[in-house]
Amino acid sequence: MTTALITGSTAGIGAAFARRLAADGHNLVLVARDTKRLRDQATELHDRHAIEAEVLTADLATDEGIEAVVARLGDRRNPVDLLINNAGFGNKGRYLEVPMADELTMLKVHVEAVLRLTSAAAEAMRERGRGGVVNVASVAAFVPRGTYGASKAWVVQFTQGAARDLAGSGVRLMALCPGFVRTEFHQRAGMGTDNIPNWMWLDADKLVATALADLARGKTVSVPDPRYKALMGVVKVTPRGLLGGMTSKTGRKYGPR
């Protein structure tokens with residue numbers, strides 16, 4: 001049986017990955033900040049799917065939390081075959097409205113933690129000649145929409161570059177770029193979602209199924225829904241200056257309030 005480590009595993013996309021991978025027979029290492037929720041999740045998945053679910057409490061906004069997960073990924077006696085870098089959050093407010101400390105915390109989680117965890121996992125996987133990493137980004141990576149989008153753009157560019165450098169090693173890397181997904185993400189950030197049209201929402205379980213299929217096919221970027229693929233096609237051919245104005249207006253109309 002293979003082992004998958006999932007950060008931010010207790011809710012949303014991370015929880016959907018945990019459910020799907022457990023159902024497929026993978027053992028799990030579940031990583032989040034809330035020990036009780038982790039233990040409850042581990043017990044449920046173990047009882048339902050007869051897999052082993054290890055709990056690792058870690059806050060990826062801290063060096064100690066990152067180092068704890070890096071150490072687990074580097075354990076050659078209990079190797080991790082698949083890393084899902086899913087932990088992340090959003091800040092409410094535009095640039096200069098968000099405190100600098102909160103901006104830096106976002107970069108710690110979205111950029112530094114992703115870099116360090118991916119590197120620890122990929123190094124061990126390359127030694128074994130197999131493994132996979134999914135770094136959860138966002139379609140916000142492709143439009144000029146503030147610090148969140150910028151951090152997710154880094155995730156996409158880093159993942160594509162690392163995948164190219166590791167080509168032929170047996171290690172697959174993919175950036176997953178979903179749109180709006182019904183999770184705790186917006187609630188935790190204090191963002192309202194009533195103004196987002198129903199057609200823009202994605203189902204987390206379907207998203208995960210598509211993402212895993214794309215990883216198996218060797219894709220380095222996955223936009224797991226035809227609607228968002230079409231939108232990203234429009235984005236590619238729209239001039240950047242015009243795109244900036246359009247996304248600003250769209251953000252005010254459809255984005256979190």
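Visitor: Which residue in β2 is the bridge partner of Thr 7?
Guide: In this predicted model, Thr 7 has Val 31 as its bridge partner in β2.

Visitor: What makes β1 and β2 count as paired strands?
Guide: Pairing requires at least two bridges between two strands; β1 and β2 run parallel and are joined by five bridges, so the requirement is met.

Visitor: How do you know that both faces of β1 are covered?
Guide: Thr 3, Leu 5 and Thr 7 lie on one side, Ala 4 and Ile 6 lie on the other, and all of them are buried. In a regular strand the side chains alternate between the two faces of the sheet. The count for the strand is five buried residues out of five, and β1 is described as mostly covered.

Visitor: Why is one side of β3 and one side of β9 left without a neighbour in the sheet?
Guide: The sheet is open and contains seven strands in the order β3-β2-β1-β4-β5-β6-β9, with parallel pairing. Because β3 (53-57) and β9 (221-222) stand at the edges, each has a single partner strand, and one side of each has no neighbour in the sheet.

Visitor: What makes β4 and β5 count as a pair?
Guide: Strand β4, residues 82-85, and strand β5, residues 131-136, run parallel and are joined by four bridges, and since at least two are needed, the two strands pair. Within this pairing, Ile 84 stands opposite Val 134 in β5.

Visitor: What makes the direction of α3 roughly antiparallel to that of β3?
Guide: Helix α3, residues 63-73, packs on the sheet, where it touches β1 (3-7), β2 (27-32), β3 and β4, and its direction makes about 150° with that of β3; an angle over 145 degrees counts as roughly antiparallel, so this one qualifies. Helix α5, residues 146-165, also packs on the sheet, touching β5, β6 (171-176) and β9, and its direction makes about 160° with that of β6, which is likewise over 145 degrees and therefore roughly antiparallel.

Visitor: Why are α3 and α4 called roughly parallel to each other?
Guide: Two packed helices are described by the angle between their axes and the distance between the axes. For α3 and α4 (residues 100-128) the angle is about 20° and the axes are 9 Å apart; the cut-off for roughly parallel is under 35 degrees, and the two helices are therefore roughly parallel. The crossing of α3 past α4 is right-handed.

Visitor: Which classes of residue make up the contact of α3 with α4?
Guide: The residues of α3 in this contact are Asp 63, Ile 66, Glu 67, Val 69, Val 70 and Leu 73, and among those they meet in α4 are Lys 108, Glu 112, Arg 116 and Leu 117. By class, the contact has nine nonpolar and five charged residues, with no polar ones.

Visitor: Why does Ser 9 count as buried?
Guide: Its relative accessibility is 0%, and buried means under 20%, so Ser 9 counts as buried. Ser 9 is found in the loop between β1 and α1 (12-23), and, leaving aside residues up to four places away in sequence, Ser 9 touches Gly 14, Ala 15, Leu 30, Val 31, Ala 32, Leu 38 and Gln 41.

Visitor: Why does Lys 206 count as exposed?
Guide: Its relative accessibility is 62%, and since exposed means over 50%, Lys 206 belongs to that class. Lys 206 has its place in helix α7, residues 204-216, and its C-alpha lies 9.9 Å from that of Arg 20, with the two residues 186 apart in sequence.

Notes. Residues numbered from 1 in each chain as written. Predicted model: local features only at pLDDT ≥ 70, side-chain atom pairs only at ≥ 80, totals over all residues. Heavy atoms only, no water. Contact = heavy atoms within 4.5 Å. Axes fitted to C-alpha atoms, helices over the stretch in contact; angles between N-to-C directions. Buried < 20%, exposed > 50% of the residue type's maximum accessible area, 1.4 Å probe, protein only. Parallel < 35°, antiparallel > 145°, perpendicular 65-115°, else oblique. Left-handed = near helix turned anticlockwise from the far one by under 90°. Nonpolar A, V, L, I, M, F, W, Y, C, P; charged D, E, K, R; others polar.
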